[in-house]
Amino acid sequence: GNFDAAHVIDTHPEREVDISELKAALDDGPAGWQALRNQKGNLVKPKIVFFGEQLPERFAMLCQEDLQSCDMLIVFGTSLVVHPFAGLVGEANAAAPRLLVNREPAGTYD
């Protein structure tokens, strides 16, 4: 996910919200995000997965195929401790080089 888009949580089909609308509501503090929640019918959040949240179904459907067919695996900003991402480095195509970009040293891969 990223901070380029937002959506109303727990809606099927998903209802998108312009990210600038969410940012403006957050800039207004609690009154702003509560007003946006009331207007949209539920909380609005960026299209990212927070710690403890379930990953999107699409991730589970495409993960193995994508990793096996990758030419290079680039990983940004992770401790390589929290699963499922901690185990993904070893699932990539064996011939694919791996690059970890992180502020601090993280994990090892043999």
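**Exercise 1. Where is the place of Leu-80?** Find the element, then check the backbone.

*Solution.* Keep in mind that we're working on a predicted model.
- Step 1: locate the residue. Leu-80 sits in the loop between strand 4 and strand 5.
- Step 2: look at phi. Leu-80 has a positive value of about 60 degrees, although Leu-80 is not a glycine.

**Exercise 2. Work through the loop between strand 1 and strand 2, picking out its backbone features at Asp-10 and Pro-13.**

*Solution.*
- Step 1: set the borders. Strand 1 covers 2-8 and strand 2 covers 15-17, and Pro-13 is found in the loop between them.
- Step 2: take Asp-10, which belongs to that loop too. Phi of Asp-10 is near 60 degrees, so here's a positive phi in a residue other than glycine.
- Step 3: is Asp-10 buried or exposed? Its relative accessible area is 64%, and the cut-off for exposed is over 50%. Asp-10 therefore counts as exposed.
- Step 4: move on to the peptide bond from His-12 to Pro-13. Omega is near 0 degrees there, which makes the bond cis.

**Exercise 3. Track down the nonpolar patch on the surface and say which elements supply it.**

*Solution.*
- Step 1: list the members. The patch is formed by Met-72, Ile-74, Phe-76, Leu-99 and Val-101. Together they offer about 460 Å² of accessible area.
- Step 2: map them to elements. Strand 4 (73-76) and strand 5 (98-101) are the ones that give two or more residues to the patch.
- Step 3: zoom in on one member. Val-101 is placed in strand 5 and has a relative accessible area of 36%. Patch residues need over 30%, while exposed needs over 50% and buried means under 20%. Val-101 is therefore partly exposed.

**Exercise 4. Describe the largest pocket: its volume, its lining and the elements around it.**

*Solution.*
- Step 1: get the volume. The largest pocket holds about 1400 Å³ of space.
- Step 2: go to the lining. There are 39 lining residues, and Ile-48, Val-49, Gln-54, Leu-55 and Pro-56 lie nearest the centre of the pocket.
- Step 3: assign elements. Two or more lining residues come from each of strand 1, strand 3 (44-47), helix 3 (57-69) and strand 4.
- Step 4: which element gives the most to the lining? That's helix 3, with seven residues.
- Step 5: sort the lining by class. You end up with 22 nonpolar, nine polar and eight charged residues.

Definitions and conventions: Residues are numbered from 1 along each chain as its sequence is written. This is a predicted model: local features need pLDDT of at least 70, side-chain atom pairs count only at pLDDT 80 or more; totals for chains, interfaces and linings use all residues. Side-chain values use heavy atoms; hydrogens and water are left out. Patches are made of residues with over 30% relative accessible area and no salt bridge: like charges are joined within 9 Å, nonpolar side chains (Val, Leu, Ile, Met, Phe, Trp, Tyr) within 5 Å. Accessible areas come from the Shrake-Rupley method with a 1.4 Å probe; for residues, only the protein chains shown count as cover. A salt bridge is a side-chain nitrogen of Lys or Arg within 4 Å of a carboxyl oxygen of Asp or Glu. Helices (H or I, at least four residues) and strands (E, at least two) are DSSP runs, numbered from the N terminus. Buried means under 20% relative accessible area, exposed over 50%, partly exposed in between (1.4 Å probe, protein chains only). On a 1 Å grid over the protein atoms alone, a cavity is a set of points where a 1.4 Å probe fits but cannot get out, and a pocket is an open set with protein on both sides within 12 Å along at least five of seven lines; lining residues have an atom within 4 Å of a point. Grid points are joined across faces, edges and corners, and a volume is the space filled by probe spheres set on the points. Ala, Val, Leu, Ile, Met, Phe, Trp, Tyr, Cys and Pro count as nonpolar, Asp, Glu, Lys and Arg as charged, and the others, Gly among them, as polar.
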